[in-house]
Amino acid sequence: QAKRLDADFWRRLFKGGGGDGGSGGQFISQMDLRADELVAFGRSLSGFRLAGGLDGNNTWNLDLKSRDASGSIEWNGEGAGRLKARFAQLAINEGIDAKPSSADVADLPEQLPAISLTADRFLFKGRNFGKASLDATNSAGAWNAKFGLESEDGSLSGTGRWQPDGGRPETSVDFKLE
């Protein structure tokens, strides 16, 4: 329990040290983190609590509660990793520092994890966008994604592809807005 927890500091400290949820050297199997403020990836969460544990398949099963987010998270760090998250509410507010540091850029993974994310209520900078979903996988060095937003005002759905490296960086998005 802490007043302020800087997750970016701890992420850099344990990078490559076996505490990544992968198959090697796991030294933590349960957690109950509480903080008045959590700082991660240049953003802040208030009234933060993350509790859960590691199962026999190297998967973390966690419950997240804060003023900005409430839901369940599954994380498996094998390979590029797999993240599955289901939120009743997910709010992304203004960042603390809008400009990423060179250390943050250097810490970006070579491959993004596979992601399956849904939020029943997604807010961005105070605006309610309704229900949000994102499903993405890595294939042939590229991150391929399907996304959607649904509200009573309309819907946005589409697919995207992001290939960060390989000599020819590529970003493409196809979408439909109704």
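**Note on the predicted model**

1. Start with R4. R4 is partly exposed, because its relative accessible area of 49% falls short of the cut-off for exposed, which is over 50%. The model is a predicted one. R4 sits in strand β1, which covers residues 2–6.

2. What does the side chain of R4 make a polar contact with? The partner is the side chain of E37, at 3.2 Å. Leaving aside residues up to four places away in sequence, R4 touches E37 and V39. F48 lies 44 residues from R4 in sequence, yet the C-alpha to C-alpha separation is 9.6 Å.

3. Overall make-up. The chain holds two helices and 13 strands. It has 178 residues, and 28% of them are buried. Of the contacts between residues at least 6 apart in sequence, 37% join residues at least 24 apart. The exposed area is about 11500 Å², with 52% supplied by carbon and sulfur atoms.

4. The core. The largest nonpolar core has 23 residues. The members that touch the most other members are L38, F48, L64, I73, F87, L90 and L117. Eight strands are worth tracing here, since the elements giving two or more residues to this core are β2 (30–40), β3 (43–54), β4 (59–65), β5 (69–76), β6 (82–92), β7 (114–119), β10 (131–139) and β11 (142–151).

5. L117 merits a look within that core. Setting aside residues up to four places away in sequence, L117 touches A85, R86, F87 and L90. L117 also touches A132, S133, L134 and D135.

6. A surface patch. F9, W10 and L13 form a nonpolar patch on the surface. Together these three have about 320 Å² of accessible area. F9 belongs to helix α1, residues 7–14. Is F9 buried, exposed or partly exposed? F9 counts as partly exposed because its relative accessibility is 43%, and the partly exposed class lies between under 20% and over 50%.

7. Backbone points to check. Most residues other than glycine have a negative phi. N58 is not a glycine, yet its phi is positive, at about 60°. N58 is in the loop between β3 and β4. K125, also not a glycine, has a positive phi of about 50°.

8. Where is K125 placed? K125 lies in the loop between β8 (122–124) and β9 (127–128). K125 is partly exposed, because its relative accessible area is 45%.

How values were computed:
Residues are numbered from 1 along each chain as its sequence is written. This is a predicted model: local features need pLDDT of at least 70, side-chain atom pairs count only at pLDDT 80 or more; totals for chains, interfaces and linings use all residues. Side-chain values use heavy atoms; hydrogens and water are left out. Helices (H or I, at least four residues) and strands (E, at least two) are DSSP runs, numbered from the N terminus. Buried means under 20% relative accessible area, exposed over 50%, partly exposed in between (1.4 Å probe, protein chains only). Contact means heavy atoms within 4.5 Å. Accessible areas come from the Shrake-Rupley method with a 1.4 Å probe; for residues, only the protein chains shown count as cover. A polar contact is a pair of N or O atoms within 3.5 Å; within protein, one must be able to donate a hydrogen and the other to accept it, and residues adjacent in sequence count only if both atoms are side-chain atoms. A nonpolar core is a set of buried Ala, Val, Leu, Ile, Met, Phe, Trp, Tyr and Cys residues joined through side-chain atoms within 4.5 Å. Patches are made of residues with over 30% relative accessible area and no salt bridge: like charges are joined within 9 Å, nonpolar side chains (Val, Leu, Ile, Met, Phe, Trp, Tyr) within 5 Å. A salt bridge is a side-chain nitrogen of Lys or Arg within 4 Å of a carboxyl oxygen of Asp or Glu.
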